[in-house]
Amino acid sequence: MKRFLTFGVVFLLLAVLMPVRVYANSAGSPAMVIWSVNAPSDTELVFNYGDGSERTVEKSLRLWEKVWFLYEPEGVPQILTVWSAEKSFTITLPEGKSNGSFERVYTLDFEAETLTQNVSPMRAPLYMLLRIAFTLILECGFYYLVGYREKRSYVTFITVNLITQMFVNFVINGGSLDIFDDGTLLIYIGMELLVFIFEMIVLPLTVKEKKADWTLLWTFTANTVSMVIGGIALLFVPF
């Protein structure tokens, strides 16, 4: 058991620390992100430039939210046209920064026909709690399927996951990281690997319902399943 645990920890540490050269292309971070809760699902946004040109921006549907991303704008757009089958209207874009760019995130109120820079302060904490709850349900459900039944085991599972997930979400949402920057994804992956290491050390030592080697195996599997399903879910849920 000790040899297996040591091998697992060393393997994960090497995966995190060993430098690997990777070549890849990236779309880069969006210049502007617009959120809306009350816009119809068929709503499209078109940026109108001073020279008469137009640009339709990429849209993503995330449960009850619609999100639009403007990448690498050519020039500074002046008018935003919002249209759907229900209605259409135009909004004069707010004054940009001194370099001609805009602030990153805006909220579109479809009913009031307004675009504001502010985002609800409850948005990030609410979605953070939803992500943590989803992780707890997913991993505790997995542990139940593989035979854990004792109440104290779940107290340990929930406590450890609350510590790790609150840490990860605080660094992403409460720290100085920009969730739209490419580097943030790499930091997130690194933190998830640290979560792997932490839980694979703590849970086999604290959960006594099954032998430590089985708990180690199921901890690794539960975190792998959670990371894969969670990564897929990020494509469809608000962040």
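Which backbone oxygen does the side chain of asparagine 48 reach, and at what distance? In this predicted model, the side chain of asparagine 48 comes to 3.4 Å from the backbone oxygen of valine 46. The points below set out the surroundings of asparagine 48, its contact partner glutamate 54, the nonpolar cores, and a nonpolar patch on the surface.

**Asparagine 48**

- Asparagine 48 belongs to strand S2, which spans residues 44-49.
- The relative accessible area of asparagine 48 is 13%, so this residue is classed as buried, the limit being under 20%.
- In addition to the approach to valine 46, the side chain of asparagine 48 forms a polar contact with the side chain of threonine 81 at 2.8 Å.
- Setting aside residues up to four places away in sequence, asparagine 48 touches Ser53, Glu54, Pro77, Gln78, Ile79, Leu80 and Thr81.

**Glutamate 54**

- Glutamate 54 is located in strand S3, residues 54-56.
- With a relative accessibility of 58%, glutamate 54 is exposed, because the class begins over 50%.
- Beyond its neighbours within four places in sequence, glutamate 54 is in contact with Val46, Phe47 and Asn48.
- The C-alpha atoms of glutamate 54 and isoleucine 79 are 9.5 Å apart in space, while the two residues are separated by 25 residues in sequence.

**Nonpolar cores**

- In soluble globular proteins, nonpolar side chains tend to be buried together.
- The largest nonpolar core comprises 18 residues, and those with the most contacts inside it are Ile34, Leu45, Phe47, Leu80, Val82, Leu108 and Leu115.
- Two or more residues of this core come from each of S1, S2, strand S5 (65-70), strand S6 (77-83), strand S7 (88-92) and strand S8 (105-109).
- The greatest contribution to this core is that of S2, with 3 residues.
- Valine 82, one of the residues with the most contacts inside the core, touches Thr43, Glu44, Leu45, Lys87, Ser88, Phe89, Ile91, Leu108 and Phe110, residues up to four places away in sequence not being counted.
- A second core, separate and of 11 residues, includes Cys140, Phe142, Tyr143 and Tyr148.

**Nonpolar surface patch**

- Val37, Leu63, Trp64, Leu126 and Leu130 make up a nonpolar patch on the surface, and their accessible area together is about 480 Å².
- Valine 37, a member of this patch, is placed in the loop between strand S1 (32-36) and strand S2 (44-49).
- Valine 37 has a relative accessibility of 53% and therefore counts as exposed, the threshold being over 50%.

Note on methods
Residues numbered from 1 in each chain as written. Predicted model: local features only at pLDDT ≥ 70, side-chain atom pairs only at ≥ 80, totals over all residues. Heavy atoms only, no water. Patch = residues over 30% accessible without salt bridge, like charges linked within 9 Å, V, L, I, M, F, W, Y side chains within 5 Å. Areas by Shrake-Rupley, 256 points an atom, 1.4 Å probe, with all protein chains shown as cover. Salt bridge = Lys/Arg side-chain N within 4 Å of Asp/Glu carboxyl O. Helix = DSSP H or I, 4+ residues; strand = E, 2+ residues; numbered from the N terminus. Buried < 20%, exposed > 50% of the residue type's maximum accessible area, 1.4 Å probe, protein only. Core = buried A, V, L, I, M, F, W, Y, C linked by side-chain atoms within 4.5 Å. Contact = heavy atoms within 4.5 Å. Polar contact = N/O pair within 3.5 Å; in protein donor to acceptor, adjacent residues only side chain to side chain.
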